[in-house]
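User: Please give a close look at a single part of this model. Which element supplies the largest share of the lining of the largest pocket, and how is that region built up?

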Amino acid sequence: MANGFVKNAHRKDPYKSYKFRVVWDGHPVLGVSKAGALKRTTTVVNHRSGGDNGSETKSPGRTQYDGLTLERGVTHDLEFEKWANLVHPYRGDVAMDLVNYKKELTLEVMNEKGLVALRYFLHDCWVSDYTAVPALDANSNAVAIEMIKIELEGWERDTDTKEPDEASPVPAG
């Protein structure tokens, strides 16, 4: 396991960042082409002991989980917009869905064969930022990108997801 792999000791390189999927409501989200980093930061609390002011000790304070941005090409799929509208619909606060605006999401990182290698559970997620249509430019040669920023209360790695056996067949589409 000197290279970080148990089942696939022959493997020399880490997993790629282009093979992933986001799952919510029990199914993969259509067309997500970019997902931000899962990051948490714990504040450092510095303190000194009354009799020893020459040095200070450090302990953990509050932990904050950064928001996660998801991007995909604009299509007629309404899932991003429907979820964003649960938080702040056009009709205002009285139309906000206080029951369903938070979701549990799963982020899966896959190996090149499409087998799930890593799985993270994202808890109590909700949309804080939504871009329905990007800036449009007739002189560009680019895909129109729809974006949501998701706030989350925390995430955890699914330790039950084991390293896939790379000798197994490619999964059916």
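Analyst:
**The largest pocket and the strands around it**

Strand β3 provides three residues of the lining of the largest pocket, which is the largest share. The model is predicted, so local features are restricted to pLDDT of at least 70 and side-chain atom pairs to pLDDT 80 or more, whereas totals for chains, interfaces and linings use all residues. Residues are numbered from 1 along each chain as its sequence is written, and side-chain values use heavy atoms, with hydrogens and water left out.

The pocket (on a 1 Å grid over the protein atoms alone, an open set of points where a 1.4 Å probe fits, with protein on both sides within 12 Å along at least five of seven lines) has lining residues with an atom within 4 Å of a point. Its lining comprises 15 residues, and those nearest its centre are S17, F20, G36, L107 and V109. At least two lining residues come from each of β3 (32-35), β7 and β8. The volume of the pocket is about 250 Å³, taken as the space filled by probe spheres set on the points, which are joined across faces, edges and corners.

These strands belong to a chain with one helix and 10 strands, assigned as DSSP runs (H or I, at least four residues, for helices; E, at least two, for strands) and numbered from the N terminus. Their order along the sequence is β-β-β-β-β-β-α-β-β-β-β. Contact, meaning heavy atoms within 4.5 Å, links distant parts of the chain: where the two residues are at least 6 apart in sequence, 66% of contacts join residues at least 24 apart.

Strand β7 carries E108, and that residue is buried at 7% relative accessible area (buried is under 20%, exposed over 50%, partly exposed in between, with a 1.4 Å probe and protein chains only). The E108 side chain makes polar contacts with the side chains of R21, at 2.4 Å, and R119, at 2.9 Å. Such a contact is a pair of N or O atoms within 3.5 Å, one able to donate a hydrogen and the other to accept it; residues adjacent in sequence count only if both atoms are side-chain atoms. Beyond four places in sequence, E108 also touches K19, F20, V23, V116 and L118, among others. F20 is thus both a contact of E108 and one of the residues nearest the pocket centre.

L107, likewise among the residues nearest the pocket centre, is touched by L122, whose other contacts beyond four places in sequence include L38, L68, K103, E104, L105, G154 and W155. In the largest nonpolar core, which has 23 residues, L122 is among those that touch the most other members, together with W24, L70, W83, L105 and I148. At least two core residues come from each of β1 (20-24), β6 (68-73), α1 (79-87), β7 (103-110), β8 (116-131) and β9 (145-151). Strand β8 gives six residues, the largest share of this core. A nonpolar core here joins buried Ala, Val, Leu, Ile, Met, Phe, Trp, Tyr and Cys residues through side-chain atoms within 4.5 Å.

Strand β8 also contains D124, which has a positive phi of about 50 degrees although it is not a glycine. At 32% relative accessible area, D124 is partly exposed. Finally, L118 and D160 lie 9.5 Å apart, C-alpha to C-alpha, across 42 residues of sequence. D160 belongs to the segment after β10 (154-157) and is exposed, at 65% relative accessibility.
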